[in-house]
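Trainee: Got a minute to go through a structure with me? I'd like to see how you reason from the coordinates.

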Amino acid sequence: MQLHALSTLLLIAMLPAQAVVVPAAFAGQDATGPLDPFPGTYLDARQQVLIGSSQLTSLQAGTTQVTAVAFRRDGSSTSALAAGRARLVVRVSSGARSPTDASSAFADNHGATSHTVFDGEVAFPASPRLNRRDEPNWSAAYSFTIPFQSPVTYQGGVLCIELEGRALQASRWPVDYHVDPVQGSVTRIGTACGSIVRVTSRTASASTWYLRPGATAIVDVIEEHGAWSMLMLNAQGLNPPLDLSALGAPGCSLHVMPLVSLPTLVTRRPGRGMLHPGIGRVQLPLPNLTNFAGAQIFAQWLNVSGGRLTTSDALVLGLGAVATTDAAVVSSARVDGMAFPPTGRLRIGAMPVVSLRVQ
């Protein structure tokens, strides 16, 4: 019996490794999605990739072993890339939560058993300047591989790959990403008021790539450092807007009567001087419901700083269609030198292009 088991292990080890590129459509061409910084390239961060079972049909549940994962450089920037190093911890599980039902909490997305498959250093290669966008392939000049120290058997369902990375030799090394092409929309109403208008009259912003059912919408405000800001949300806006001059806020108008309010503190970005304003951010989980596609959310910031009341310009956030790509990514904020957070922002229908080495 022991001899039979040993023979089986030797046979598996002798099987030739194969590469399965996901999404398969980008095996030989550059994907066109917006980038998500890879953990450990130039920042400390945590990231989780959920690959749906519909993209893994070539893997046999219970028999296919995943022995490594490779990432390829993005082709949208043709400049040469400097070499870098990172300390990475990689965890893998199968039977994970569906991408369409993904959570912003990392622990919630894993399958029943999560395996630590790598804990060590990874080198990002010096990559030459590109002559064309689709030039990067899976050779050593354009990609890097994370060999699993403990190969993991694919048990079927969704594959979850989680990475914790700390930069040892920082390098802006963009990894190729695919994102569903359908985005949300942002329409501006009015202008900001207060001293911040000396910098900009457009102080509210939102990323259209996260405005879709199931994703985590990101809404930012630019204001004075130390301001207390509240994001006001409603399904409809005020028309005409409410003049706030009577409240000691001349030139300020309220375009949104809050149905939901979410507070945040405005802080200055690391490395910015005293002359730079601060930024506040709210992450808004959006239900992954088909009837949310095409919905509109009215948003505006109300700010208090030094006893003064100000408002941002208002936004009409239009939600895009439900994602069709069977994948999702959860990404933490930058946490240089600090503990990795338990949650991140969720992007449905997105993933880095990966090459899974299997046997």
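**A buried glutamate, two sheets and two cis prolines**

Mentor: Sure, let's start with E135, which is placed in the loop between β5 and β6. Keep in mind that this is a predicted model.

Trainee: Which side chain of opposite charge is nearest to E135?

Mentor: E135 is buried, yet it has no salt bridge. A salt bridge would need a side-chain nitrogen of Lys or Arg within 4 Å of a carboxyl oxygen. The nearest candidate is 5.5 Å away, and that is R132.

Trainee: And which residues is E135 in contact with, leaving aside its neighbours within four places in sequence?

Mentor: Contact here means heavy atoms within 4.5 Å. With those sequence neighbours set aside, E135 touches R129, L130 and Y142.

Trainee: On to the sheets. In the open sheet of 6 strands, which strands stand at the edges?

Mentor: The order reads β5-β4-β7-β2-β20-β21, with antiparallel pairing. An edge strand has a single partner, so one side of it is left without a neighbour in the sheet. That applies to β5 (115-124) and β21 (345-348).

Trainee: How much are neighbouring strands of that sheet turned against each other on average?

Mentor: The sheet in question is the open one with the order β5-β4-β7-β2-β20-β21. Ignoring direction, its neighbouring strands are turned on average by 20°.

Trainee: Which residue in β5 is the bridge partner of G84?

Mentor: Strand β4 covers residues 84-96, and 9 bridges join it to β5 in the antiparallel sense. For G84, the partner in β5 is F124.

Trainee: What about the open sheet of 4 strands: what is its average twist from one strand to the next?

Mentor: Its order is β1-β23-β3-β6, again with antiparallel pairing. β1 (18-22) and β6 (143-153) each have a single partner strand, so they stand at the edges with one side free of a neighbour in the sheet. From one strand to the next, the twist averages 25°.

Trainee: Which residue of β23 stands opposite Q18?

Mentor: β1 pairs with β23 (residues 354-358) over 5 bridges, running antiparallel. Opposite Q18 you'll find V358.

Trainee: Where is P23 found, and what is omega for the bond from V22?

Mentor: P23 sits in the loop between β1 and β2 (45-51). The peptide bond from V22 to P23 is cis, with omega near -5°.

Trainee: And what is omega for the bond that joins N239 and P240?

Mentor: P240 lies in the loop between β12 (228-234) and β13 (242-243). N239 and P240 are joined by a cis peptide bond, with omega about 5°.

Definitions and conventions
Residues numbered from 1 in each chain as written. Predicted model: local features only at pLDDT ≥ 70, side-chain atom pairs only at ≥ 80, totals over all residues. Heavy atoms only, no water. Pairing = 2+ DSSP bridges. Axes fitted to C-alpha atoms, helices over the stretch in contact; angles between N-to-C directions. Buried < 20%, exposed > 50% of the residue type's maximum accessible area, 1.4 Å probe, protein only. Lys, Arg positive; Asp, Glu negative; His and termini not counted.
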